[in-house]
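Trainee: Please show me the model and let me ask about its sheets, its size and its cavity.

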Amino acid sequence: MRILIISDIHANLTAFQTILDHAKGQWDYVWCLGDVVGYGPDPNECVELLQTMPHLCLAGNHDWAALGRLDIRTFNPDARRAVEWTMETLKPENIAFLEALPVTFVIGEYTLVHASPREPVWEYILEPLVAALNFPHFETPYCFVGHTHQPVIYELISDNGDTRAREPRYGEPHALNGQRQIINPGSIGQPRDQNPNAAYGMLDTESGIFEHRRIPYDIPDVQKRMRAAGLPERLATRLEHGW
Ligand code: ZN
């Protein structure tokens, strides 16, 4: 089966539609690693578009924030404002969709979480040491995570836990060869690796081939809607810088 792997859409419909066009006809099923909403201007549209496709979706911290499950006093003021706007804007049926999302899902050789296997909603895996500490917390060979908005592959390279990070090579096949790996496809709607292009992944479960992909989208289009909605300016400008 060919799986479109997406994460951290963050209510950015323009980026979401762009990657769907880019991947058109190439997948059978969608795995979404959470944070469908938060930051961006299109929370209802993104939840509704996702539901038109055969999919599995995990809960992210921003999805939980929009449900009022988190104490958002720890968020920075811009993120907090965006959460409040998202709460006011989401339709009841889309809130119900977010409420039903699981925090982990195991399917075949793959574990899916938003953040990390040991802290599925919260932990940022930003370095090999943190990835190494997470390998004992899932049982399948491979785990897909989002949350950091940075595409990467962490590979376990020895029995004593040594782990190395591999930079994504866009459009090139990466073989899942039995070596344990934690893979982040990157973020669709708010990349944070100094590259503003939308990121996603494609997995063929039969051949065991994964591919990171990157595609530019119409950033001014989404910024216009953010400004019209009164979302913080800093959240609009960061999109063009990829941070
Ligand atoms: Zn996120």
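The questions below go through the fold, the two sheets and the cavity.

Mentor: This is a predicted model, where local features need pLDDT of at least 70, side-chain atom pairs count only at pLDDT 80 or more, and totals for chains, interfaces and linings use all residues. Residues are numbered from 1 along each chain as its sequence is written, and side-chain values use heavy atoms, with hydrogens and water left out.

Trainee: How many helices and strands does the protein have?
Mentor: Helices (H or I, at least four residues) and strands (E, at least two) are DSSP runs, numbered from the N terminus. Counted this way, the protein has eight helices and 12 strands.

Trainee: What is the radius of gyration of the protein?
Mentor: The radius is taken over C-alpha atoms, and the globule rule is 2.2 Å times the number of residues to the power 0.38. For 243 residues the rule gives 18 Å, and the protein comes close to that, so it is as compact as a globular protein of that length. Its radius of gyration is 17 Å.

Trainee: Which strands are the edge strands of the sheet that contains β1?
Mentor: Two strands pair if DSSP finds at least two bridges between them. This open sheet has six strands with mixed pairing, in the order β3-β2-β1-β11-β12-β9. The strands that pair on one side only are β3 (55-57) and β9 (174-175).

Trainee: Which residue of β2 is the bridge partner of Ile-5?
Mentor: Strand β1 (residues 2-6) pairs with β2 (residues 29-32) in the parallel sense, over four bridges. Within β2, the partner of Ile-5 is Trp-31.

Trainee: Why does β4 have one side without a neighbour in the sheet?
Mentor: The order of this open, mixed sheet of six strands is β4-β5-β6-β10-β7-β8. β4 (104-107) and β8 (163-166) stand at its edges, so one side of each is left without a neighbour, as each has a single partner strand.

Trainee: In which sense do β7 and β10 pair, parallel or antiparallel?
Mentor: In β10, Ile-183 is the bridge partner of Ile-153. Over four bridges, β7 (residues 152-156) and β10 (residues 181-184) pair in a sense that is antiparallel.

Trainee: Which elements give two or more residues to the lining of the largest cavity?
Mentor: On a 1 Å grid over the protein atoms alone, a cavity is a set of points where a 1.4 Å probe fits but cannot get out, and lining residues have an atom within 4 Å of a point. The lining includes His-10, Tyr-39, Val-222 and Leu-235. The elements asked for are α7 (219-229) and α8 (233-241).

Conventions. On a 1 Å grid over the protein atoms alone, a cavity is a set of points where a 1.4 Å probe fits but cannot get out, and a pocket is an open set with protein on both sides within 12 Å along at least five of seven lines; lining residues have an atom within 4 Å of a point.
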